[in-house]
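Dear colleague,

I am handing over the structure we spoke about, and my notes on it follow below. Please look through the coordinates alongside the text.

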Amino acid sequence: MGVMGVSQPLRLVVDPHVHCEELERFEDNVVRGPGTQDCAIWCSAIGADGYGRFWLRRGGTRVMVRANRYALAASLNGEALEPWVRALHGCDNPVCVRASQPGELGLLHVIAGSQRDNMVMMARAGRGGGRVVVRRGDHGLNARRARAVALREAVRHGWDAEAVEAALLGSTDPTLW
Ligand SMILES: [Zn+2]
């Protein structure tokens, strides 16, 4: 992948039977928090944009998808995730791959939405409606990626709630990684 690492989203079908090995491989890269509100952290490749990367094959071609997008597709039970549907984060954590079900209460994680929903959510987060106080001036790509890498590090040996919270708050020094 190039520096950008972002391609146009594909129409993505993840069938629980046809793609069961692929689903297992995906899950092998995920550390899920024990709490009911906890994120599920992607622990494999992270792109320059701070989103997880997952490679798979469709129609004999190797394709790369964002891990959150794959998680959303996997939650659809074999129905296609259309290219125009966005995988948004209610938890404001790009490496989170916990899909929230429609109608679910509490903190939402990865949910399907439109570009418009995305703008509304970003505006809301900017007004302090987000889950944690993220330093807003920090939302450049480098900071976002550093946070993603810090989160991956925080769960390297299993879920460490304190380390995860510190990483989410951006209190770790990104230059360490
Ligand atoms: Zn989350």
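The four donor atoms around the zinc ion subtend angles of 106 to 113°, and because four donors count as tetrahedral if all angles lie between 85 and 135 degrees, the arrangement is tetrahedral. Please keep in mind that this is a predicted model. The coordinating atoms are SG of Cys39, SG of Cys91, SG of Cys96 and ND1 of His109, at 2.0 to 2.3 Å from the zinc ion, and along the chain these donors follow the spacing C-x51-C-x4-C-x12-H.

Two of these donors, Cys39 and His109, link distant parts of the chain, being 70 residues apart: Cys39 sits in the loop between strand S1 (30-32) and strand S2 (40-42), whereas His109 belongs to the loop between strand S5 (86-89) and strand S6 (110-113). Since buried means under 20% relative accessible area, Cys39 qualifies with a value of 2%, and His109 likewise counts as buried, with a relative accessibility of 0%.

A further histidine, His89, lies in strand S5 and is also buried, its relative accessible area being 12%. A polar atom of the His89 side chain lies 3.2 Å from the backbone oxygen of Asn93. If neighbours within four places in sequence are left aside, His89 is in contact with two of the zinc donors' residues, Cys96 and His109, and its other contacts on that basis are Tyr51, Asn68, Pro94, Val110 and Met121.

Best regards

How values were computed. Residues numbered from 1 in each chain as written. Predicted model: local features only at pLDDT ≥ 70, side-chain atom pairs only at ≥ 80, totals over all residues. Heavy atoms only, no water. Donors = N, O, S within 2.8 Å, 3.2 Å for Na, K, Ca; no water. Tetrahedral: all angles 85-135°; square planar, octahedral: opposite > 155°, others 65-115°. Helix = DSSP H or I, 4+ residues; strand = E, 2+ residues; numbered from the N terminus. Buried < 20%, exposed > 50% of the residue type's maximum accessible area, 1.4 Å probe, protein only. Polar contact = N/O pair within 3.5 Å; in protein donor to acceptor, adjacent residues only side chain to side chain. Contact = heavy atoms within 4.5 Å.
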